[in-house]
Amino acid sequence: MSDINLWYLRSLDFFKRFSKEDVESLTREAHQVKIDHRSPLAIRQQGVYLVLTGRIKLYRQINDSVRMLDSVLDVGDLFGGIHGSEVSYELVPIQGATILLIEKEKFLDDISNPKLYLEVVQKLEERQRTLQARLDSLIFKDARTRIIETMVNLCHEHAVDCTHGFGLDLSITQEDIAQLVCVSRQVVNKVFREMVKEDVMHKNKGFYCIRSKESLLDLITIKKY
């Protein structure tokens with residue numbers, strides 16, 4: 001990796017607290033892969049992946065005929081795995097995107113800082129736990145609750161303060177939400193309309209603005225009681 005790439009990596013939130021030497025040890029044998037939005041990338045191997053540029057829909061292959069949208073990834077997001085069996089992914093960039101690929105063996109051999117190793121592993125395991133929670137919710141929770149809880153998680157990961165003062169901008173489509181919670185887009189549209197009426201959501205120039213994560217959670221609490 002060149003110095004300019006190391007500088008860029010260290011500008012990402014996850015790596016800011018680590019030294020140049022630590023980041024260099026992590027990425028010494030890594031290589032960049034560009035993904036065109038017209039040519040999704042299929043991956044079947046263990047390793048650590050980092051989104052360098054663009055925005056990506058990460059699909060996980062459940063079996064030979066079924067896949068599900070695992071998550072929507074932004075710059076700086078980590079995914080992948082170094083323990084357990086291989087997982088099949090398909091990466092579909094929303095625009096052109098670039099990822100950094102660190103193969104499992106290279107990751108285990110080259111990383112020199114135990115703290116950095118631990119934080120990478122914890123980040124990957126956190127993503128796995130989030131996916132498992134979503135799978136559990138498909139069985140035990142209704143569509144409205146799944147949609148709202150998914151939006152809470154997305155707000156935690158991706159939302160930014162909106163420019164017009166309503167709350168948090170969440171750049172995601174109804175189709176994305178539908179794929180994340182395994183319902184139709186029409187169901188998502190119905191729930192979104194309800195949230196607009198309840199003054200929890202506002203649509204502004206392609207963004208869905210949420211008043212707050214707490215306002216979403218209040219909707220679930222009100223429904224329960």
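This note covers one four-stranded sheet, a helix packed on it and one helix pair in a predicted model.

1. Basis. In this predicted model, local features need pLDDT of at least 70 and side-chain atom pairs count only at pLDDT 80 or more, while totals for chains, interfaces and linings use all residues. Residues are numbered from 1 along each chain as its sequence is written, and side-chain values use heavy atoms, without hydrogens and water.

2. Sheet. Four strands form an open sheet in the order β2-β7-β4-β5, with antiparallel pairing. Strands are DSSP runs of E with at least two residues, and helices are runs of H or I with at least four, numbered from the N terminus; pairing requires at least two DSSP bridges between two strands. At the edges lie β2 (41–44) and β5 (67–73), each pairing on one side only. On average, neighbouring strands are turned by 25 degrees against each other, direction ignored.

3. β4 and β5. Six bridges join β4 (residues 56–61) to β5 in the antiparallel sense. Y59 has L69 of β5 as its bridge partner. Helix α4 (residues 114–140) packs on the sheet and touches β4 and β5, contact meaning heavy atoms within 4.5 Å. The direction of α4 makes about 130 degrees with that of β5. Angles run from 0 to 180 degrees between N-to-C directions, and axes are lines fitted to C-alpha atoms, for helices over the stretch in contact.

4. α5 and α6. The axes of α5 (residues 143–158) and α6 (residues 174–181) come within 10 Å and cross at roughly 110 degrees. The two helices are therefore roughly perpendicular to each other (65 to 115 degrees). R146, I147, T150, M151 and L154 of α5 make the contact with I177, L180 and V181 of α6.

Terms used: Parallel < 35°, antiparallel > 145°, perpendicular 65-115°, else oblique.
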